[in-house]
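Got the model open in your viewer? Let's walk through it one selection at a time.

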Amino acid sequence: MDDHRLPRELCRLFADGGRGRRLPAGLPPGDVVWPDPGYTRQGEAARPAFWMSDEPATGEDWALLRAWHAHSGLWPVLLDESAQPWAVGQVVPDDPRQIDHFTAEGFMTEVWEEWVAQMPKDALAELEPYGAICPGPAAPGGLKAEPEAVADWLAGELAAKGMPLGLVAAGRGADALAVMGWQGALHHNEWMVPLAAVVRSWEDRFGARVVSVGFNTLDLSVAAPPDDPEHALHVAAEHWAFCPDNVVQGPGDLQGYAEQILGRHAWSFWWD
């Protein structure tokens with residue numbers, strides 16, 4: 001497939017105008033999405049938050065654009081619209097450089113300590129065997145497959161739901177969450193940047209890739225999942241700090257949740 005410079009509307013996603021970036025020919029019809037000033041309360045944005053296709057995308061569409069990320073600077077995301085249309089612009093974009101100031105360990109420790117301080121002691125049962133002591137991030141997993149191949153597989157599975165494609169001007173999938181202004185975990189943490197730092201860490205330690213986002217959901221592919229019960233339990237503790245609803249409104253404790261993620265190549269998060 002012949003390549004060419006970015007279409008004009010995609011160039012608007014970049015502060016430098018998309019200079020030198022390329023995409024394969026045949027981008028489906030779509031348009032950029034601007035943050036709603038009434039939602040952000042930050043005035044008119046300097047540039048759009050992301051581009052979105054008019055029609056649902058296929059897994060092959062996602063995989064092709066993922067493969068071109070190094071040339072385009074655009075990370076693809078499947079956009080789940082089951083809760084609310086993305087075109088309304090209820091997003092609050094952030095500068096991805098702010099992610100550098102946060103770590104997965106720092107976020108996990110802060111969430112853990114705040115929760116322990118507020119809850120009665122008998123509530124600690126859901127965090128057994130760790131209880132009041134935050135265990136910190138888990139050790140990296142061992143790669144079972146190439147991260148990009150696992151991401152392409154998950155995109156194919158999720159695309160069957162009929163979701164439009166988004167393109168975000170970001171260096172990696174974790175950063176795309178901040179750049180596009182995703183607000184999915186707003187009821188858990190008021191600022192999304194620290195959560196993007198956690199996802200960065202998962203990209204490095206577990207070969208995770210951001211594949212799909214919804215207004216209160218996030219789907220990651222995982223090329224190096226925990227493959228023994230003890231490791232899965234430690235990862236479950238990280239997931240609890242990142243998205244307590246996955247545990248509390250799911251199996252109810254870390255042990256049960258660890259069984260669910262053991263060896264799984266997809267992590268799905270949902271915030272109430």
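Select D253 and Q255 at the start of helix 11, in this predicted model. A side-chain oxygen of D253 comes to within 3.4 Å of the backbone nitrogen of Q255. Now extend the selection to helix 11 itself, residues 254–261, and look for L254, G256, Y257, A258 and I261, which are buried. What covers the buried residues of helix 11? Show helix 5 (104–118), helix 9 (229–242), helix 10 (244–248) and strand 9 (266–270), which are among the elements doing the covering. Before moving on, click on G263, just after helix 11: this glycine has a positive phi of about 75 degrees.

Keep helix 5 and helix 9 on screen. At what angle do helix 5 and helix 9 pack? The angle is about 75 degrees, and the axes are 9 Å apart. That makes helix 5 roughly perpendicular to helix 9, since angles of 65 to 115 degrees get that label. Turn on side chains for F107, M108, V111, W112 and W115 of helix 5, then for A237, E238, W240, A241 and F242 of helix 9, and you have the residues that make the contact. Sorted by class, this contact of helix 5 with helix 9 holds 9 nonpolar residues, no polar ones and 1 charged.

Leave helix 9 where it is, hide helix 5, and bring up helix 8 (residues 193–206). Helix 8 and helix 9 pack at about 160 degrees, their axes 11 Å apart. Anything over 145 degrees counts as roughly antiparallel, so that is how helix 8 and helix 9 run relative to each other. Their crossing is left-handed. On the helix 8 side, pick L195, V198, V199, W202, R205 and F206; they meet H231, V235, E238, H239 and F242 in helix 9. By class, the contact of helix 8 with helix 9 comes to 7 nonpolar, 2 polar and 2 charged residues. Check the spacing of your picks along a helix, too: an α-helix has 3.6 residues a turn, so residues three or four places apart point the same way.

While you are in helix 8, centre on E203. Is E203 buried or exposed? With 8% relative accessibility, E203 counts as buried, because the cut-off is under 20%. Draw a distance from the side chain of E203 to the backbone nitrogen of A174: a polar atom of that side chain lies 2.9 Å from the nitrogen. Setting aside neighbours within four places in sequence, E203 is in contact with R172, G173, A174, A208 and R209.

Next, jump to L218 in strand 8 (residues 217–222). L218 has a relative accessible area of 0%, so it is buried. Show what L218 touches beyond four places in sequence: L177, W182, V199, V210, S212, V213, F242, W267, S268, F269 and W271. You have already met two of these names: V199 on the helix 8 side and F242 on the helix 9 side of that contact. Also label the C-alpha atoms of L218 and F269; they are separated by 5.1 Å, although the residues are 51 apart along the chain.

Now for another helix pair: select helix 3 (residues 59–67) and helix 6 (residues 147–159). Their packing angle is about 150 degrees, with 8 Å between the axes. Helix 3 and helix 6 are therefore roughly antiparallel, and helix 3 passes helix 6 in a right-handed crossing. G59, W62, A63 and R66 of helix 3 make the contact with E148, A151, D152, A155, G156 and A159 of helix 6. The class count for helix 3 against helix 6 is 5 nonpolar, 2 polar and 3 charged residues.

Finish with a few loop stops. T58 sits in the loop between strand 4 and helix 3; at 35% relative accessibility, T58 counts as partly exposed. In the loop between helix 5 and helix 6, find P129, where a cis peptide bond joins E128 and P129, with omega about 10 degrees. Last, select R41 in the loop between helix 2 (37–40) and strand 4 (50–56). R41 is not a glycine, yet has a positive phi of about 55 degrees. R41 is also exposed, with a relative accessible area of 77%.

How values were computed
Residues numbered from 1 in each chain as written. Predicted model: local features only at pLDDT ≥ 70, side-chain atom pairs only at ≥ 80, totals over all residues. Heavy atoms only, no water. Axes fitted to C-alpha atoms, helices over the stretch in contact; angles between N-to-C directions. Helix = DSSP H or I, 4+ residues; strand = E, 2+ residues; numbered from the N terminus. Parallel < 35°, antiparallel > 145°, perpendicular 65-115°, else oblique. Left-handed = near helix turned anticlockwise from the far one by under 90°. Contact = heavy atoms within 4.5 Å. Nonpolar A, V, L, I, M, F, W, Y, C, P; charged D, E, K, R; others polar. Buried < 20%, exposed > 50% of the residue type's maximum accessible area, 1.4 Å probe, protein only. Polar contact = N/O pair within 3.5 Å; in protein donor to acceptor, adjacent residues only side chain to side chain.
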